[in-house]
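Subject: Structure handover and notes

Dear colleague,

I am passing on the structure that I have been going through, and I would be glad if you kept it open while you read. My notes follow directly after it.

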Amino acid sequence: MSSRNGPFKGRTVAVVNDLSLDEQRYLYRKASELKREVQAGGDGRAFRLDDKDFSVYLIFMEDSTRTRESFRNAAKFLGARTNLFDTATSSFNKNESMSDAVKMLYGYSDESCYVIRSRLEGVCRWLEGALGHYADSCGRPRPAFINAGDGKHEHPTQEFLDEFSFLEQLGGRDDRIHIALTGDLYHGRTIHSKADGLKLFREVEVDLVAPELLRMPEAYARRMRDNGFLVREYETVDDYLASGKVAPIWYFTRLQLERMGEEILEKAPALRKAVTFRKDMLGLLPERCRFYHPLPRDRTAPTNPTFLDETPLNGWDGQSANGYWTRVALISMVAGRIGEDFEGERKVQETYPDDFVKEVPTASRAKPEYKVGIKPVEDGLVIDHISSGQPIPEIWDHLDAVRRMLHLDVRGGHGVFHNNKGAYKGIISLPDVMSFGERDIKKLAAIAPGCTLNLVHEHRVVKKYRLSMPPRIYGFDEISCKNEQCISAPSSLEGATTEFLRKGEPGSSTFICRYCEREHEFREIWDL
Ligand code: CP
């Protein structure tokens, strides 16, 4: 048996960012070495596992040809045991819990990796945690999960093969890329993955070509700009060609009619026309231009039509074949077979310090500080500065929400008062309540960031804590991801614990679902 303790062993790849840029470069280097070696008649021995106790489980709960078959052939090349599950031939479509099914498969072999395509978003991230804990409790190696496309979220291995193909066209240079993305930018997960995948290049210009209804979701366009890309937008291929700034790399995508509602379907012919290339456009392309497409193309009306197949513009056939080489290299990495020669920055695991409670000095006034309600507070807790600076009706709503979420159905009062800047704030007084549990403090910080929690004794504030937005909000019954396709959404019934991660600096009020990465404003995460 070959040695299998490389540094990527058991690594889950749920999104492109699960590999650092240096790790992605390593993957491309290895895929290129493998491709050259095998095409020259070599056997790719350094990649092969040749171990039937290593299982590659292909779990496809949505249709796939290229991704499934390239993974299946990659696993065969590597000499691993391969099992294929799809909704037509397995009980994954019989309301069976995914974690139960994967746990069962995990018991069948010494080591394993799971390639999963699903309509639900965030499945691999969730299974990484659920099965990881299970593996730890059994004292066995953690399995790797590879996302083969989840809803309209991401398709990281397609992204890797795309970037590998662009690098081939650019002769291996990663200093700059100018690329046009066109087609269904709204639903296309291969498009969304580009917001991170293109970071491989030091300078990036992206032209987004799609009519309003198929436009790139703002969160991904923003992410591109945040990543330093120069982003331009056009409504149609005609508009784009007239701009005079046409990219030498075009990435077409299919209109995903199966994901569109009736209203958009009626407009499909006009939408398709806006993003379809025509013969009369050929003369408007720059030299050495190449077209790519993740495939499948629409059989009757492809956006990169079949008259292009035999022209030098056809980059998609080679791109599709690259799916095989990049996936062989990736499985070999997560199986621990290759990776010992990796040099560079490794992916750093995020940490979430609980730094949202800060004790602040109390004023040494002789006068009682709180007289909320009809009685002054003698001993108890006072939550102050709730929704400070917000309009009065919002503050009342928020006071009500805080009371309900924290189950503050006790004696006390609340109201809206002036803050020290002449605006308004909410206050809740809780006479006789002398402490909050850790969980309730976290919940309060997450519902009313910026508030203070005051401990009052004999009319004087003896302790004061300022609460800010926690970096992570999870485990409360009253929160849920508002993306219905998310594995943690109540409708998915998989029982994934809802978890949100704060985006950006401590003052930020934007949260990202840990699984599907949908952005939420913090009020949105609460089921108020
Ligand atoms: N590109 C791609 O994901 O194709 P399949 O749907 O055939 O896997």
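Please keep in mind that this is a predicted model. Within it, the count of salt bridges comes to 46, and I will go through some of them here before turning to the sheet and the empty spaces.

Salt bridges

Arginine 68 and glutamate 69 are joined through their side chains by a salt bridge, with a nitrogen-to-oxygen distance of 3.1 Å. Another salt bridge links arginine 215 with glutamate 212, where the closest N and O atoms lie 3.9 Å apart; the cut-off for a salt bridge is 4 Å, so this pair still counts as one. Arginine 215 has a relative accessibility of 33% and is therefore classed as partly exposed.

A further salt bridge brings together the side chains of arginine 225 and glutamate 233, at 3.6 Å from N to O. Are these two residues buried, partly exposed or exposed? Arginine 225 has a relative accessible area of 38%, which makes this residue partly exposed, and glutamate 233, with 31%, is partly exposed as well. Elsewhere in the list, salt bridges with shared partners connect Arg176, Glu203, Glu205, Asp207 and Arg232 into one network.

The open sheet

Strands of a sheet pair through backbone hydrogen bonds, and the pairing can be either parallel or antiparallel. Here, five strands make up an open sheet whose order is S7-S6-S5-S8-S9, and their pairing is parallel. Which strands stand at the edges of this sheet? They are strand S7 (230-234) and strand S9 (290-292), and because each has a single partner strand, one side of each is left without a neighbour in the sheet. On average, and with direction ignored, neighbouring strands of the sheet are turned by 20 degrees against each other.

To follow one pairing in detail, you could look at strand S6 (residues 203-209), which pairs with S7 in the parallel sense over five bridges. In this pairing, glutamate 205 stands opposite leucine 230 in S7. Glutamate 205 is also one of the residues in the salt-bridge network described above.

Pockets and cavities

Rolling a probe the size of a water molecule over the atoms shows where empty space is left. The second largest pocket holds about 500 Å³ of space. Its lining consists of 22 residues, and those that lie nearest its centre are Arg117, Arg189, Arg254, Leu295 and Pro296. Two or more residues of this lining come from each of helix H2 (66-78) and helix H6 (189-192). By class, the lining of this pocket divides into four nonpolar, 10 polar and eight charged residues.

How many cavities of 30 Å³ or more does the model contain? The count comes to two. The largest cavity has about 70 Å³ of space and is lined by 13 residues, with Phe54, Glu111, Ser112, Arg142 and Pro143 nearest its centre. Its lining has seven nonpolar, two polar and four charged residues.

The second largest cavity has about 40 Å³ of space, and the residues that line it are Thr253, Arg254, Leu255, Arg272, His293, Arg297, Asp298, Ala301 and Thr303. By class, two of these are nonpolar, three are polar and four are charged. Arg254 appears in this lining, and Arg254 is also among the residues that lie nearest the centre of the second largest pocket.

With best wishes

Technical notes:
Residues are numbered from 1 along each chain as its sequence is written. This is a predicted model: local features need pLDDT of at least 70, side-chain atom pairs count only at pLDDT 80 or more; totals for chains, interfaces and linings use all residues. Side-chain values use heavy atoms; hydrogens and water are left out. On a 1 Å grid over the protein atoms alone, a cavity is a set of points where a 1.4 Å probe fits but cannot get out, and a pocket is an open set with protein on both sides within 12 Å along at least five of seven lines; lining residues have an atom within 4 Å of a point. Grid points are joined across faces, edges and corners, and a volume is the space filled by probe spheres set on the points. Helices (H or I, at least four residues) and strands (E, at least two) are DSSP runs, numbered from the N terminus. Ala, Val, Leu, Ile, Met, Phe, Trp, Tyr, Cys and Pro count as nonpolar, Asp, Glu, Lys and Arg as charged, and the others, Gly among them, as polar. Buried means under 20% relative accessible area, exposed over 50%, partly exposed in between (1.4 Å probe, protein chains only). Two strands pair if DSSP finds at least two bridges between them. Axes are lines fitted to C-alpha atoms, for helices over the stretch in contact, and angles run from 0 to 180 degrees between N-to-C directions.
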